[in-house]
Each structure stands twice: as structure tokens, then as C-alpha cells.
Amino acid sequence: MLPALTTAMSLLKKQDPAEAYNFRSTVIVAIEAATRAHKGEPSPTLAEMTRKITGALDAA
């Protein structure tokens, strides 16, 4: 899944940079909403997945 996110971001950046920004923002909002669903600090697993997903998006 993570390489697919990087590929999607690369393609979107080439075809429509504004849409790439929107896509990244949407994914980040979804991650933040999932994190907020848990009271307190996110678990180490959730924090690591957030880091990996954000890294995959930013690797493009």
C-alpha cells in the first residue's frame, strides 16, 4: 500500500499539482481523525503507521 501511495502522489504531481495537494491533505485528515478517535496519545503502532503513510506521501 505504501508504494502505491507514493506512485499515486507522483502521478498526481505530474498531472495536477493542486489535486496532489488535495489528495495528500485528505489522507492526512483521515489519519488525524482516526488518531483523535482514541482518547489521549496515539499508540506506538498508530504513531508509526502515521509516520510511514506520511513518509510515503512525501516521498513522491
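Reader: Why are H2 and H3 called roughly antiparallel?

Author: In this predicted model, H2 and H3 pack at an angle of about 180°, their axes being 11 Å apart. Axes are lines fitted to C-alpha atoms, for helices over the stretch in contact, and angles run from 0 to 180 degrees between N-to-C directions. Angles over 145 degrees count as roughly antiparallel, under 35 as roughly parallel, 65 to 115 as roughly perpendicular and the rest as oblique. H2 and H3 are therefore roughly antiparallel.

Reader: Which residues of H2 and H3 meet?

Author: Contact means heavy atoms within 4.5 Å. On the H2 side are Phe-23, Arg-24, Val-27, Ile-28, Ile-31, Ala-34 and Thr-35, and on the H3 side Leu-46, Thr-50, Ile-53, Thr-54, Leu-57 and Asp-58.

Reader: What makes up the largest nonpolar core?

Author: Nine residues: Leu-5, Met-9, Ala-20, Val-27, Ile-28, Ile-31, Ile-53, Ala-56 and Leu-57. A nonpolar core is a set of buried Ala, Val, Leu, Ile, Met, Phe, Trp, Tyr and Cys residues joined through side-chain atoms within 4.5 Å. H2 gives the largest share of this core, four residues.

Reader: Why is Gln-15 called buried or exposed?

Author: Buried means under 20% relative accessible area, exposed over 50%, partly exposed in between (1.4 Å probe, protein chains only). Gln-15 has 67%, so Gln-15 is exposed.

Reader: How are residues numbered and chosen?

Author: Residues are numbered from 1 along each chain as its sequence is written, and side-chain values use heavy atoms, without hydrogens and water. Local features need pLDDT of at least 70 and side-chain atom pairs pLDDT 80 or more, while totals for chains, interfaces and linings use all residues.

Key
Helix = DSSP H or I, 4+ residues; strand = E, 2+ residues; numbered from the N terminus.
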